[in-house]
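The following exercises concern the interior and the overall dimensions of a protein chain. Each task is followed by a solution in steps.

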Amino acid sequence: MVPGIPEINELVEGHRQQIIDLVCRLVNIPTENNPPVGYEFEGQNLLKDIFRKLDMELDEFAPDEIEDYKTNPAFLKGRDYKNRKNIVALWRGIGQGRSILLSGHMDVAPKEPLPWKICQPYSSVVKEGRIYGRGSCDMKGGLVCAVMAVKILKNIGWQPKGDVIVESVVDEEYASGNGTIASRLRGHNADFAINLEPTGLRISPACVGGLVYKISIIGEGGMPYTGDEIYNPAYGIADMINIIREFAKERLKGVDKPRLWKNAPQQPQVIITKVKAGEVGPYGQLGIPSDSWMEVVVQTYPGQSEEDITEELRSFIRGRLPKSIGILIERLYRYIEPVGCDRLSDGVKALKDSADKFLDKEAVICA
């Protein structure tokens, strides 16, 4: 049986509640990534049981089980992989077809910022056509799409010509990617891959890169009540907020926008994610803080190097603050380089043809 569009739509609609229920079950498992540790174990076990019931071949391994984990520069070091294993499920094709990989990650970012308004982070709520809860979007919803697609097709007896691989990897958050790298080096590769991150139902053959910086203003903690003038780094971080806002507006002027970003809903962003001055606790000495700092994410186009972006940021800041102010700019994690594939590849064309039919409109291809 080769199902057509009406049949597929009817089958998916018939599994609607199963899809919702499985997303909620996964969301209710707190699979947080808190470097160096992570808590994907229970969620991975749930998927593993489903793959077994679907009679798929399974491979289970942690990133640090890869032979050259300690020496390969692609891996981000310093992570702990106790009870953190990738789950890769294989549906073998009958032959003479190309293979496809459906890739997702089980870990989620921490539940902060609190409080949540509609539900608690790991107590999912279905409301007005949306599933609320940490990880529903990034990316347990995508993982469930892959699992249920395989389940539905297997249930009707359809057989692929090429292999279908579904993977749920660990340790994606915080600029790691170690789980994905481990799967590639383990040999779980395909002719075409679909990453299941949310895109607003756009087809995205390219993605921005990202750098995370910690920018510190160095002062001298002390008491400002004795007549001595002491520089307050809290004012410095306030100035820095405006400088970063200006940097975000100015940095891409004069940069050629790559083709796939012409109709993209967002261009590379600069985002302040944390700001701090002084001690966190409510008590302590009522004096000038010794330092202040912020965390900033800088996204990049293809072709922009880490060195160029860092120097651009450093020069921009230095040109707007007095030289007497001590500034420290540190890179956190590592540079996640922008990536992309040929927008005219066979895989992208096939994906667009299918999306056009199911969406009943022309699918958008953009970064």
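**Exercise 1.** How many residues does the largest nonpolar core have, and which of them have the most contacts inside it?

*Solution.* The model is a predicted one. Step 1: the largest nonpolar core comprises 28 residues. Step 2: the residues with the most contacts inside this core are L22, L47, I50, F51, M56, V150 and V166.

**Exercise 2.** Identify the elements that supply at least two residues each to this core.

*Solution.* Step 1: the helices α2 (16-27), α3 (41-53) and α4 (136-155) each supply at least two residues, as do the strands β4 (86-91) and β8 (164-169). Step 2: α4 contributes the most, with eight residues. Step 3: at the level of single residues, I50 is in contact with L22 and V147, when residues up to four places away in sequence are not counted.

**Exercise 3.** Which residues are among those of another core, lying apart from it?

*Solution.* This separate core has 22 residues, including L211, Y213, I244 and L321. As a general background, nonpolar side chains in soluble globular proteins tend to be buried together.

**Exercise 4.** Characterise the protein chain as a whole.

*Solution.* Step 1: the chain contains eight helices and 15 strands. Step 2: its C-alpha trace spans about 85 × 50 × 45 Å along the principal axes. Step 3: of its 367 residues, 42% count as buried. Step 4: the accessible surface is about 20300 Å², and carbon and sulfur atoms account for 51% of this surface. Step 5: there are 46 positive and 51 negative side chains, with the centres of the two sets 3 Å apart.

Conventions. Residues numbered from 1 in each chain as written. Predicted model: local features only at pLDDT ≥ 70, side-chain atom pairs only at ≥ 80, totals over all residues. Heavy atoms only, no water. Core = buried A, V, L, I, M, F, W, Y, C linked by side-chain atoms within 4.5 Å. Buried < 20%, exposed > 50% of the residue type's maximum accessible area, 1.4 Å probe, protein only. Helix = DSSP H or I, 4+ residues; strand = E, 2+ residues; numbered from the N terminus. Contact = heavy atoms within 4.5 Å. Areas by Shrake-Rupley, 256 points an atom, 1.4 Å probe, with all protein chains shown as cover. Lys, Arg positive; Asp, Glu negative; His and termini not counted. Charge placed at Lys NZ, Arg CZ, Asp CG, Glu CD.
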